[in-house]
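Trainee: Could you take me through a model of this kind, feature by feature, and show me how each feature is read?

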Amino acid sequence: MKMLTVENITKTYGEKELFQNITFTISDQERAGLIGVNGTGKSTLLKIIAGLEFADSGDMTHSKDYHISYLAQQPDFDESLTVIEQVFSGDTPLLSLLKEYELALYDLEQDSGNEKHQETLYKLQQKMDAMNAWETNSSAQAILTKLGITNMRQKMGELSGGQKKRVALARVLIETPDLLILDEPTNHLDYETVKWLEEYLARYQGALLLVTHDRYFLDAVTNRIFELDKGTLYSYTGNYAAFLEAKAIREEQEQASQAKLHNLYRNELAWIRRGAKARTTKQKARIQRFEQLDSKLDRSQSEKLDMSLAGSRLGKKVFEFKDVSKSYEEKTIFRNFTHIVKKSDRIGVVGSNGSGKSTLLNMIAGRIQPDSGEIDTGQTVKIAYYTQESDDMNLNQRMIDYIKESAEVIHTTDGKVLSASQMLERFLFPSHTHGTLLRKLSGGERRRLYLLKLLMTAPNVLLLDEPTNDLDTQTLTVLEDYLEEFPGVVLTVSHDRYFLDKVVDYLLVFEGNGTISTYYGAYTDYLEEKLQNQAKIEAMPKIKEEKPQQAEKTKKRKLSYNEQREWDEIEDKIAALEEKLEQIASDIEASGSDFEKAHRLTQEQEEVNDELNRLLDRWAELSEIVEEMQSS
């Protein structure tokens, strides 16, 4: 079994220590998710494992033939390469052969009568046979198709950012490495493609390590979670849901330990304040003990962000759209849009890229004017607009000064008054970092700081444009909790299923034809309904065309030899699986507080249940053939 072992890895940037002496292993077929607050070093750790950066100290070991592929959050490309050259740019003989074959195939398509092209392709086909490359080639074509990559001769420099990310994803998937490292793989993917990627990774034979803010994806794909927290790496068995439960237990245990330390600390502090003189060995020992206790105590107000900030009062009137229309050149964004936004509304704005979602938010914020119609805004409305650009930050400014531009103090919902410095601490910026220049912060830390600055203005309407893109899962969880208690209005543009399901009450759907429809319900339900409707539409012509021919075929249909064997054995297999499910259910009940055993049994239960459903579907197919044979 192939395995990657990391021992005592330490990494520091300037004065900031990202992590110290972390040790872990990644085994074959393990699917690990890496989470942590922005700025803790998640992407740096991925780069160290991928060999793109070096640790200050520590070791990483694996077998000589161990292959690692890495998908960066912002991949770099040679703009002059074609898509096919980029996709098959790996250094293995198999990938080189696949690239040669695809290029030769293209040359022959362009000049079908060219004997030289025919001879080249024939030789490459022989090589494909010798290297058993056809299965890999077929898999590569399926990956490219599913990711929507069709024009293989297009230059990389001509692609959009989203298309480039899909090409980069296709490349690492086609390489089929021993360890696949993915940094935000679902960015720029639609729902259908994300679901396909989930299924693909579930079947993947190698190991997986990924960072993602898509918590549904994280929950569906992983069987282990690494949490990077304050320089320490914690490991949890199970998916994201299992991690949340296990972490809660760990924090309870740590809080109990901290309570004991605080009690001991108070006693030592009282002794120090009485004016102890360090003249004796015993007194020196007590002072040293006090200093050790002082260093162990966690003085952070909370390990979670506290965002219970009071907002400005909001009147009954918020926004009313009256026959609003907007176009750019020949493209109609929306036409005659009429809608009333009520107090306490939670609205998700969804649709394909470029459909006009951000345009709607910009119009509400007064940055763009409609071509026709009117947006009637209430007099008490006070907007905070969280954009994708994070405003124009002065990177030479210090954190505390940046926050004070919004307010020196802020009032909370329970009547407390907190200073800008205290709010920074609540947003997981320790007091010793408040003088840090903005240019020294990570991208995610800047986004978190930008969010705090907006909330310090005490708004009653929040416009959020893709808030989940650069925020970590912990910040997102607290933001979601805050939005649940927020007394004002929330309009958010997002593709994040988890975030929208948890936050919004209804959706404004940009249909792409100038209309905006309203959907009341969860975003995931909307996406599932959309896929089902598309499948029905695609199936309709096939039914009409194939029905007579199919009817003719089924009259003559008989069980083949293998199907007959399958039919003879299938009922016994179904019965055996049903008995196994009963036994697993009994074992789960008997597992008691053994969380890991219960989790393992639950996973096995899901796998057995999936296999049972597959066999039942197959039994239904075979039984139809048998009935037709008997009736004829």
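The dialogue below goes from the overall make-up to helices, helix pairs and single residues.

Mentor: Please keep in mind throughout that this is a predicted model.

Trainee: How many helices and strands are there in the protein, and what share of the residues is buried?

Mentor: The protein has 19 helices and 20 strands, and buried residues make up 44% of its 632 residues. Among contacts with a separation of 6 or more, 69% are between residues 24 or more positions apart.

Trainee: How should I read a single helix, taking H6 as the case, and what span does H6 reach from its first C-alpha to its last?

Mentor: One can look at its span, then at its surroundings, then at what follows. Helix H6, residues 161–175, has 15 residues and reaches 22 Å from its first C-alpha to its last, which is close to the 21 Å expected at 1.5 Å a residue. Twelve of the 15 residues of H6 are buried, so this helix is largely enclosed by the rest of the structure.

Trainee: Which residues of H6 are the buried ones, and what covers them?

Mentor: The buried residues are Gly162, Lys164, Lys165, Arg166, Val167, Ala168, Leu169, Ala170, Val172, Leu173, Ile174 and Glu175. Their cover includes strands E5 (68–71) and E6 (179–183), together with helices H2 (83–87), H3 (93–110), H5 (134–146) and H7 (191–203). After H6 comes Thr176, whose phi is positive, near 40 degrees.

Trainee: What describes two packed helices, and how do the axes of H3 and H4 cross?

Mentor: The description of two packed helices rests on the angle between their axes and the distance between the axes. The axes of H3 and helix H4 (residues 115–130) come within 9 Å and cross at roughly 150 degrees. Since angles over 145 degrees count as roughly antiparallel, H3 and H4 are therefore roughly antiparallel to each other. The contact is made on the H3 side by Leu97, Leu98, Glu100, Tyr101, Ala104, Leu105, Asp107 and Leu108, and on the H4 side by His117, Gln118, Thr120, Leu121, Leu124, Gln125, Lys127 and Met128. These contact residues divide into nine nonpolar, four polar and three charged, and H3 passes H4 in a left-handed crossing.

Trainee: H3 also meets H5; at what angle do the axes of H3 and H5 cross, and is the crossing left-handed or right-handed?

Mentor: The axes of H3 and H5 come within 11 Å and cross at roughly 70 degrees. That makes H3 roughly perpendicular to H5, and H3 passes H5 in a right-handed crossing. Here Leu94, Leu98, Tyr101 and Glu102 in H3 meet Trp134, Thr136, Asn137 and Gln141 in H5, and by class the contact has four nonpolar, three polar and one charged residues. Leu98 and Tyr101 of H3 appear in the contact with H4 and also in the contact with H5.

Trainee: Turning to single residues, where is Phe319 found, and which residues does Phe319 touch?

Mentor: Phe319 is found in strand E10, residues 319–328, and at 1% relative accessibility this residue counts as buried. Leaving aside residues up to four places away in sequence, Phe319 touches His339, Ile340, Val341, Ile364, Asp376, Thr377, Val381, Ile383 and Val461. Of these partners, consider Ile364, which lies 45 residues from Phe319 along the chain, with 8.1 Å between the two C-alpha atoms. Ile364 is also one of the buried residues of H11, a helix spanning residues 357–364 in which seven of the eight residues are buried, so that H11 is largely enclosed by the rest of the structure. Just after H11, Gly366 takes a positive phi of about 85 degrees.

Trainee: What sign of phi do most residues other than glycine have, and where is Asp323 placed?

Mentor: Most residues other than glycine have a negative phi. Asp323, placed in strand E10, has a positive phi near 50 degrees, and at 46% relative accessibility Asp323 counts as partly exposed. Ala458 has a positive phi as well, near 55 degrees, and its place is in the loop between helix H14 (443–455) and strand E17 (461–465). At 16% relative accessibility, Ala458 counts as buried.

How values were computed
Residues are numbered from 1 along each chain as its sequence is written. This is a predicted model: local features need pLDDT of at least 70, side-chain atom pairs count only at pLDDT 80 or more; totals for chains, interfaces and linings use all residues. Side-chain values use heavy atoms; hydrogens and water are left out. Helices (H or I, at least four residues) and strands (E, at least two) are DSSP runs, numbered from the N terminus. The expected span of a helix is 1.5 Å times one less than its number of residues. Buried means under 20% relative accessible area, exposed over 50%, partly exposed in between (1.4 Å probe, protein chains only). Contact means heavy atoms within 4.5 Å. Axes are lines fitted to C-alpha atoms, for helices over the stretch in contact, and angles run from 0 to 180 degrees between N-to-C directions. Angles under 35 degrees count as roughly parallel, over 145 as roughly antiparallel, 65 to 115 as roughly perpendicular and the rest as oblique. A crossing is left-handed if the near helix is turned anticlockwise from the far one by less than a right angle, and right-handed if clockwise. Ala, Val, Leu, Ile, Met, Phe, Trp, Tyr, Cys and Pro count as nonpolar, Asp, Glu, Lys and Arg as charged, and the others, Gly among them, as polar.
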